[in-house]
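User: I would like to understand how the terms used for a structure follow from the numbers behind them. Could you take me through a few of them?

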Amino acid sequence: MQTPVQRNALDIHVLLTEARKFTPSKQFQAQANVNDPAIYEKAAGDYEAFWASWARQLEWIEPWKQVLEWKAPHAKWFDGGKLNASVNCVDRHVLGQGGANLRNKAAIIWEGEPGDTRTLTYWDLYRAVNRFANVLKKLGVSRGDRIAIYLPMIPEAVIACLASARIGAVHSVVFGGFSSEALRDRINDAEAKLLITADFGWRRGKQILLKNAADEALCACPSIQNVVVVQRGGVSTPPCHIQASRDHWWHRLMEDASSSCPPEAMNAEDMLYILYTSGTTGKPKGIVHTTGGYLTGVYATMKWVFDLKPEDVFWCTADIGWVTGHSYVVYGPLANGASVFIYEGAPDWPEKDRFWKLIEKYGITIFYTAPTAIRAFMKWGDAWPRKADLSTLRLLGSVGEPINPEAWIWYQEKIGGGRCPIVDTWWQTETGAIMITPLPGVTVTKPGSATKAFPGIFAEVLNELGERIESGGGYAAITRPWPSMLRTLFKDPERYEKQYWSKWKNGIYFPGDGAKRDEEGYFWFLGRVDDVMNVAGHRIGTMEVESALVAHPDVAEAAVVSRKHEIKGEAIVAFVTLREHARSKSSRMLVEAIKDHVVKKIGALARPEEILFSADLPKTRSGKIMRRLLRDIAEGKALGDTTTLADPTVVEDLKRRYEEDE
Ligand code: PRX
């Protein structure tokens, strides 16, 4: 017989495992944009036709000649077709060619951290994009040129992207939380001609001085000819240096610009943007996305995954510096003529209920955020969301990292009031759009599972040899091309082939994620299988942090691993061997100095949680760092007291133990 305690434990187990399922309600199903399960088979039957039917819903200047040309690993989607992304996101809504004329509909509803607000209708956005496109042209930017964007979450960030697309330039948005050195490297790799930044942005009541950081970067960015500076303004603007002839205020330039700028007719395969993301080396990769296929992918997933309706107010909390911001703040929602809500600041400013207050104030209907945020909300307690009226919400989304079932259930009950379906969406910077996800009017969801591939996407779990795993664990794989896939790595086509297409060959894409398939074919993502960490939903390479560490004058050698973290999912632990001269320094001060150094090199998102000084780094005979050993130490499994790592005999002993195990 079970004791109550055992039964309780069992209930929780059942609650938190695959056994708990959520079927879409009849009401939701009835009104859903897609509610026929047969759609999966239909799309798989002729996936090119399926994607072409989506592409046809966009506005084209010239039709394509061929839906797909696939010479693995190089895809061309809708080649020969001509279109412009800004026309699809703005013009067609104000000029009414797509049916409804949305000129007076809110395109962007914005609130700054201090509480200042702005709303741009589609007409406002149309004029602003045209004017800024003319500004860019006047500053010498033309088709194919790269521009860098380093802005807070303000409407100008969206305007800048769309204006770039309008004139056929290529944008590279750099997250405002990256350091000046990280910005410099990205500008130089893209050879950007122009930078758009702001005097500052608000974060937790503090002014983040972006222009100052940009000035530091620009000391070593020979390609930049002009800098456009948005005046975030409002309250006591801090002094920000304006360098005559190079720097220009956004508002001044806009005053003189005409609000009519004919869009460039872009080939479907012309580059729309580059977005840098971390990989397995010290140098971030420039992911290249093109125009026609990318727009098709984000347009389709926006409509079906989020069940988007004309009256929705959609809030994706991602920063525009990440792919989620590109695809589901800018291109996906605007291509659909949606109203997008954007908030500049932190969720706990001035209090821990800021997000819930915003949902109530703006009547948000669809809310899309990351598990890290959800876990933080859980920790802050139910009282915060309970204070607000969240009844306008009808759908919730999750992205960026595996969501633990506890957080899923909490999200569903406390934020969704038990009535909102949850879409746990798996995808990557490389995939451009959502790949594995529930369809909220079709899919029976299981907390913790991203469920199944979107129609027209072919996903599998494979073993090392590339054999299909019917049920069980292995590597996630995408077996056919898809419209919003990356096309290459900027200036590094070899790395493109090697990184993504060489594990199994035969045109199978390797995302670098471990995954499990259950008996019903559901995907359960298990995290990265390469040297990429996912810290608070942000992708950071171990090598990137290691390069930053060894650039510190006191550091001889460094190895970085991650350990599980209750809120952030993973936290960074750095093992550091000091140079001879530094060994006598106070370790407490050194720890802080080294952490600050990483922040300076990369940004606060890469700040190590812990630095452990080690006499030696444990290496195999062939010189490879024994990461499993380091991971076990970081998790507290291999060694209780980490201070003993400073003793070389301890490292040797550990090494021997692990070598015997291997
Ligand atoms: O490991 C997967 C994880 O995030 C990685 C992609 O990171 P990034 O390119 O920065 O894009 C994040 C936002 C799309 C993936 O390789 N990941 C993303 N979404 C999920 C996820 N892991 C589990 N479940 C998800 N829903």
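Analyst: Let us begin with the polar contact, which is a pair of N or O atoms within 3.5 Å; within protein, one atom must be able to donate a hydrogen and the other to accept it, and residues adjacent in sequence count only if both atoms are side-chain atoms. This is a predicted model, in which local features need pLDDT of at least 70 and side-chain atom pairs count only at pLDDT 80 or more, while totals for chains, interfaces and linings use all residues. Residues are numbered from 1 along each chain as its sequence is written, and side-chain values use heavy atoms, with hydrogens and water left out.

User: What makes the approach of Glu-401 to a nitrogen atom of the ligand a polar contact?

Analyst: A backbone N or O atom of Glu-401 lies 3.4 Å from a nitrogen atom of the ligand, and the limit is 3.5 Å, so the pair counts as a polar contact. For Pro-402, a backbone N or O atom lies 3.5 Å from a ligand nitrogen, and in the side chain of Thr-429 an N or O atom is 2.5 Å from a ligand oxygen. The protein covers 95% of the 550 Å² of accessible area that the ligand has on its own, as given by the Shrake-Rupley method with a 1.4 Å probe, where for residues only the protein chains shown count as cover.

User: Which residues are the closest of those that surround the ligand?

Analyst: The closest are Asp-424, Thr-425, Thr-429, Asp-513 and Arg-539, out of 17 that surround the ligand, each having a heavy atom within 4 Å of the ligand.

User: Why is the pair of Tyr-273 and Tyr-294 called edge-to-face?

Analyst: Rings of Phe, Tyr and Trp (its six-membered ring) pair if their centres lie within 6.5 Å, and planes under 30 degrees apart count as stacked, over 60 as edge-to-face and the rest as tilted. The centres of these two rings are 5.1 Å apart and their planes stand at 90°, so the pair is edge-to-face. The structure holds 51 aromatic pairs.

User: What is the phi of Phe-78, and what is the peptide bond from Ala-72 to Pro-73?

Analyst: Most residues other than glycine have a negative phi, and most peptide bonds are trans. Phe-78, although not a glycine, has a positive phi of about 60°, and the bond from Ala-72 to Pro-73 is cis, with omega near 0°. Another cis peptide bond runs from Trp-349 to Pro-350, with omega near -5°.
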